[in-house]
Amino acid sequence: MRLLVIEDERKAGEYLKKGLEESGFTVDIAYNGIDGLHLALEDDYELIVLDVMLPGMDGWTVLERLRAKKETPVLFLTALDELEERVRGLECGGDDYLVKPFAFVELLARVRTLLRRGPPRDVEHVHIGDLEIDAIRRRVRRAGQKIDLTPKEFSLLQLLARRRGEVLSRTQIASYVWDMNFDSDTNVVDVAIRRLRVKVDDGHDTKLIHTVRGVGYVLDLEAHG
């Protein structure tokens, strides 16, 4: 399997390349965002390990431009441990993140978990009240008005819609949407839900996304206990 590492610190990049190659992967490396994006778009990789703080073009921009053309899984490496920064990385289309410093064995476990993911099976269209979700075109409308969502917001809404009426815990949501276990750090889910609510429910009399205190979240036409 071919992986791409985009990391500006040469010692760290060489360490990752060596460790991943010893674990059976073929690894290309780029030391700045511009070269990394070029490689990511020109070649086919099973997964990209992407640092956030890069010269030339930062990791956020690399990911946004990559996501305009490809869905290659991306594991973020970041020294930024603020909740908002982690949420931003996931909502921009990142699939997982790892805060520096980290143990290589943990990175390897995250890489293997992402690579085991199967392609999602989408129900083509979902209608709940005046909410319409087109899974193929990845478009969402409410009362006929288009709603612009980030990739992770779309995945979150799609999960809630598929499991309509079922209360999902924060841990379940983290597992399904980001394929990771946040353990106690489920504030990431709360922040993502809050942002999704603003886009889906604000300005509408009927609220679709409901909190079930002490349990989790549910999407339905009626509130749950």
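Start by selecting threonine 72, which is buried with a relative accessible area of 9%. This is a predicted model, so keep a confidence colouring at hand for later in the tour. Threonine 72 sits in the loop between α3 and β4. Show everything it touches, not counting residues up to four places away in sequence, and you will find Tyr45, Glu46, Leu47, Ile48, Arg67 and Asp95.

Stay in that loop and pick lysine 70, which also lies between α3 (59-67) and β4 (74-78). Is lysine 70 buried or exposed? Its relative accessible area is 17%, and because the cut-off for buried is under 20%, lysine 70 counts as buried. Beyond residues up to four places away in sequence, lysine 70 touches Ala40, Leu41, Asp43 and Asp44.

Now go to the start of the chain. Methionine 1 lies in the segment before β1 (2-6) and is exposed, with a relative accessible area of 52%. Which residues does methionine 1 contact, leaving aside its neighbours within four places in sequence? Select Phe25, Thr26, Glu46 and Leu115 to see them. Glu46 may look familiar, as it is among the residues that threonine 72 touches. For a distance to draw, join the C-alpha atoms of methionine 1 and glycine 24: they are separated by 7.9 Å, with the two positions 23 residues apart along the chain counted as their separation.

Zoom out for a moment. The chain has eight helices and 12 strands, and of its 225 residues, 45% count as buried. Among contacts between residues at least 6 apart in sequence, 58% join residues at least 24 apart. Colour by pLDDT next: the chain mean is 86, and 88% of residues reach 70 or more. Residues 118-122 are where the pLDDT is below 50, and beyond near neighbours in sequence this stretch has four contacts in the model.

The next stop is the largest nonpolar core, with 26 residues. Nonpolar side chains tend to be buried together in soluble globular proteins. To see the residues with the most contacts inside this core, select Leu131, Ile133, Leu156, Leu157, Ile173, Val200 and Leu219. Two or more residues come from each of β6 (125-128), β7 (131-134), α6, α7 (170-178), α8 (187-200) and β12 (216-219). Which element gives the most to this core? That is α6, with six residues.

Centre the view on isoleucine 173. Leaving aside neighbours within four places in sequence, isoleucine 173 is in contact with Leu156, Leu159, Leu168, Trp178, Val189 and Tyr217.

From there, move to the second largest pocket, whose volume is about 160 Å³. Its lining is made of Arg138, Arg139, Val140, Lys146, Ile147, Asp148, Leu149, Thr150, Pro151 and Phe154. The elements giving two or more residues to this lining are β8 (139-142), β9 (145-147) and α6 (151-162). Colour the lining by class and you get five nonpolar, one polar and four charged residues.

Finish at glycine 214, in the loop between β11 (209-212) and β12. Glycine 214 is exposed, with a relative accessible area of 77%. Draw a last line from its C-alpha to that of arginine 170: the two are 44 residues apart in sequence and 10.0 Å apart in space.

Notes
Residues numbered from 1 in each chain as written. Predicted model: local features only at pLDDT ≥ 70, side-chain atom pairs only at ≥ 80, totals over all residues. Heavy atoms only, no water. 1 Å grid on protein atoms, 1.4 Å probe; cavity = no way out; pocket = protein on both sides within 12 Å on 5 of 7 lines; lining within 4 Å. Points joined across faces, edges and corners; volume = space filled by probe spheres on them. Helix = DSSP H or I, 4+ residues; strand = E, 2+ residues; numbered from the N terminus. Nonpolar A, V, L, I, M, F, W, Y, C, P; charged D, E, K, R; others polar. Core = buried A, V, L, I, M, F, W, Y, C linked by side-chain atoms within 4.5 Å. Buried < 20%, exposed > 50% of the residue type's maximum accessible area, 1.4 Å probe, protein only. Contact = heavy atoms within 4.5 Å. pLDDT = per-residue confidence, 0-100.
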